[in-house]
Amino acid sequence: MRPTLTEKQQKLFDYLKQALTANGMAPSLRTAAADLDISHAAVAQTLKTLEDKRYIRRQGRYSRTLHIFDPAEDMDISFRQKQVPIIGNITAGLPIYAHQEWAGSILVDAALYPGQDLFALKIQGHSMRDTGILDQDLAICRPRQYAHDREIVVALIHNEEATVKRFFLHPGYIELRPENPDFSPQTYQFDEILIQGKVIGIIRTPQSMDSGQE
């Protein structure tokens with residue numbers, strides 16, 4: 001039998017279960033602290049206590065991926081699920097988790113998205129429309145610092161702007177090609193581009209479905 005929870009620990013545990021059930025996403029630490037009117041450090045410490053008491057299990061060194069254990073049945077009720085952090089803005093360097101503010105996370109099927117330290121990036125715009133990637137979709141990505149021809153990648157341009165495009169390597173330059181005839185391919189010198197990850201899947205959001213109907 002697991003140790004009982006204090007009132008504060010139970011409050012956070014119930015909050016996490018409710019958030020996962022209602023949204024399919026875990027809140028960021030900052031959001032949880034604001035909602036529960038406690039400090040960011042208190043949320044982090046209580047999460048560690050919940051893990052020590054086997055009420056949750058976190059996955060990955062940098063991610064906030066966690067599994068909730070049902071206290072009545074003492075079993076993992078999300079065995080095939082894991083949470084992938086949604087990255088607000090990408091900056092140079094890996095692992096990206098050391099540099100970013102999480103904008104929440106999304107629950108995905110671990111069998112469909114294997115691997116550690118995955119991240120999600122919200123798509124902005126319609127440049128990849130013809131390959132089925134819509135505005136406001138969430139691109140599920142595997143961190144990588146290299147790319148192969150024709151892969152859809154997350155690329156950081158001039159250490160400032162992150163974009164999702166199809167990658168082509170040419171003698172002397174890199175081409176990032178959109179999948180929409182309304183947009184033109186762009187070319188860059190090798191030192192102007194940093195590959196940050198490969199897109200391995202797309203999650204459609206209600207916002208992206210509304211955008212696609214416009």
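## Salt bridges and strands: a quick chat

Author: Searching the whole structure, which is a predicted model, turns up seven salt bridges.

Reader: Okay, where do K48 and D52 sit?

Author: Both are in helix α3, residues 40-52. They're four residues apart there, about one turn of the helix. Their side chains form a salt bridge, 3.1 Å from N to O.

Reader: And is K48 buried, exposed or partly exposed? Same question for D52.

Author: K48 is partly exposed, at 40% relative accessible area. D52 counts as exposed, because its relative accessibility is 53% and the cut-off is over 50%.

Reader: What about E151, which residue does its side chain meet in a salt bridge?

Author: R144, with 2.4 Å between N and O. E151 counts as buried at 11% relative accessibility, and R144 is buried too, at 13%.

Reader: Which residues get joined into one network by salt bridges that share partners?

Author: R144, E151 and K198.

Reader: Switching pairs: how many residues apart are R166 and E179?

Author: The side chains of R166 and E179 meet in a salt bridge at 2.5 Å, N to O. They're 13 residues apart, and the pair links distant parts of the chain. R166 is in strand β9 (161-170), while E179 is in the loop between β10 (173-177) and β11 (186-188).

Reader: Is R166 buried or exposed?

Author: R166 counts as buried, because its relative accessibility is 15% and buried means under 20%.

Reader: Let's do strands. Which sense do β6 and β7 pair in?

Author: Antiparallel, over four bridges. β6 covers residues 119-122 and β7 covers 138-143. In β7, L138 is the bridge partner of K122.

Reader: How many bridges are there between β7 and β12?

Author: Six, and that pairing is antiparallel as well. β12 takes in residues 193-203, and its I202 stands opposite A139.

Reader: Zooming out, how many helices and strands are in the protein?

Author: Four helices and twelve strands.

Reader: And what share of the residues counts as buried?

Author: 44% of the 214 residues. The protein exposes about 11,800 Å², and carbon and sulfur atoms supply 50% of that.

Reader: Last one: of the contacts between residues at least 6 apart in sequence, what share joins residues at least 24 apart?

Author: For this protein, 56% of those contacts do.

Notes:
Residues are numbered from 1 along each chain as its sequence is written. This is a predicted model: local features need pLDDT of at least 70, side-chain atom pairs count only at pLDDT 80 or more; totals for chains, interfaces and linings use all residues. Side-chain values use heavy atoms; hydrogens and water are left out. Two strands pair if DSSP finds at least two bridges between them. Helices (H or I, at least four residues) and strands (E, at least two) are DSSP runs, numbered from the N terminus. Buried means under 20% relative accessible area, exposed over 50%, partly exposed in between (1.4 Å probe, protein chains only). Contact means heavy atoms within 4.5 Å. Accessible areas come from the Shrake-Rupley method with a 1.4 Å probe; for residues, only the protein chains shown count as cover. A salt bridge is a side-chain nitrogen of Lys or Arg within 4 Å of a carboxyl oxygen of Asp or Glu.
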